[in-house]
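User: Please take a close look at one part of this model: the shell around the ligand. Then set it in the context of the chain that supplies it.

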Amino acid sequence: MRLFAFARRAIFGAALLPAASLIYWASTGDLTANPIDFITDTTGTTALVLLMLTLTVTPLRRVTGQNQLIKLRRMLGLLAFFYACLHLSTWVVLDWFFDFESMIADVIDRPFITLGMTTFLLLLSLAVTSTAGMIRRLGRRWQQVHRLVYLAAMTAVIHFWWVVKADFREPRLWALALSVLFGFRLWWAYQLRRT
Amino acid sequence: MLIRRPPDIRYSEVTPKALYLRRREFIQTAAAATIGAAALAAWGGTAAHAQGSGRKLPNVRKSPFSTTEKLNSFDDVTGYNNFYEFGTEKDDPARNAHRLATSKWTVRVDGLVKTPKTYDLDEFIKPHALEERIYRLRCVEAWSMVVPWIGVPLADVIKRLEPQPGAKFVEFTTLLDMRQMPGQRVPVIEWPYVEGLRMDEAMHPLAILAVGLYGEVLPNQNGAPIRLVVPWKYGFKSIKSIVRIRFTDAQPRTAWAVSNPREYGFYSNVNPTVDHPRWSQATERRLGEFRRRKTEMFNGYGGQVAQLYAGMDLRRNY
Ligand code: HEM
């Protein structure tokens, strides 16, 4: 399908834009007065957006009956993981400059960092088990392991929620989006049980 | 092979298959790039380059209270602001504060004071000589900058206003007007913004009412036309665009302490040993610097202000 191949490439290209923009703005000195914070927020937000899009693939496939959409799922999931890696690297290298003592203290003392790290480890385990070889090797267990994506999406939204000081409009929107995505699945599970 | 060519097409018009495939790929990539560019545009512009007021303030004295540390740039000081009345993003104030009309500003003074009165801004400030005060500003979000404020000592203003002996606190209030301050349409915190100081804190020589920075009239996004600057406390104590000053015998209900009493207290002195529940206050990032630096007790003004808090438990009175 030509249209589909095109869409796939367009989505891939669009997903790389936030990273490309950061590089471009770094070269023009436009990363705001607080570049480290701006990079952290941009990579974190993009990771979350891509994670949500990953969870949108299956509902979209069921609604449209376009089964090939499933091919987008792994790509989007890995892109989310890519941004999570950038986000984490920003924290380790730019924010703390390898001050491991302070970072470990932060992971223990700050619930929002604890959840960020939890989310990252969940995405890491999903990424390493996303290869064709792993899918084969894990067999039926693969699907069980990959249900962890739901947990990752929840911890990511709570992580964002706990970052915010007072303006909860954005995290609230993400919580709502996640509820809708979960709602679809619960509805189908319920339909399946009834038949 | 030429035999299978349809007769109405000349050979020169046939695109070789390899080239045809490459062209398809090219068109796809170009189209993807176009969509990408649109997405980039939607992603939003970058840092707004902030504008100042451009009006110079004459006859400004230097002050021995000024730090000699390196100043943050005018762009940093006027482009990176927490001023939720104009939006919660750091560049919202620089973008939206032009809506604020500061020309006919008045300040209402009431409560436990000799003569309650509404002053024109000029009349309010005129009796005092302007001083430049170069202070460190430490935000509760663990970043900091160095700002060359211009203002008048708050203590001098208070003495002139003659509070009654029963006045224990000073309460300040920001303008409430959602047409000028569009951020107030969203109830992220309780509007109008209210701040307060204990009387002895307000009388401390480091506390000023600022009307300018970097030699010029205060830009709107920095709290024009008149704001408080209390350099030993977290930035949010230094209330902006003040329209009312009230003397009172009860501790004022300050905006952030009302919004989230577990995270923000009345005193909010810069204190590296008392963490915000969600992040550490031990270090800070000075804007423009790469490595974090250690946060100083009372933002480095402990020598001057520590005695205000002698005998107080600063863990409980955060
Ligand atoms: C690896 C562990 C992680 C750490 C240490 C971490 C740390 C942080 C920090 C320090 C901030 C900025 C807080 C501020 O602006 O003051 C942040 C914001 C954020 N993070 Fe993470 N994070 C982690 C993982 C993740 C993951 C895996 C995701 C998403 C899938 C994520 C999504 C976000 C989002 C959406 C924000 C808010 C951005 C905004 O304010 O616009 N984080 N994180």
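Analyst: The ligand is surrounded by 22 residues, and Gly44(A), Ala47(A), Gly116(A), Thr119(A) and Phe120(A) come nearest. A residue is near the ligand if its C-beta atom, placed from the backbone, lies within 6 Å of it. This is a predicted model: local features need pLDDT of at least 70, side-chain atom pairs count only at pLDDT 80 or more, and totals for chains, interfaces and linings use all residues. Residues are numbered from 1 along each chain as its sequence is written, while chains are lettered from A and ligands numbered from 1 in the order in which they are written.

Four helices of chain A each supply at least two shell residues: helix 2 (35–64), helix 3 (71–95), helix 5 (111–128) and helix 8 (148–163). Helix 2 of chain A gives the largest share, eight residues. Helices are DSSP runs of H or I, at least four residues, and strands are runs of E, at least two, numbered from the N terminus.

By type, the shell holds 13 nonpolar, seven polar and two charged residues. Here Ala, Val, Leu, Ile, Met, Phe, Trp, Tyr, Cys and Pro count as nonpolar, Asp, Glu, Lys and Arg as charged, and the others, Gly among them, as polar.

Now the chain itself. Chain A has nine helices and zero strands. Its radius of gyration is 18 Å, close to the 16 Å that the globule rule (2.2 Å times the number of residues to the power 0.38, with the radius taken over C-alpha atoms) gives for 195 residues, so chain A is as compact as a globular protein of that length. The C-alpha atoms of chain A fill a box of roughly 55 × 40 × 40 Å, taken along the principal axes.
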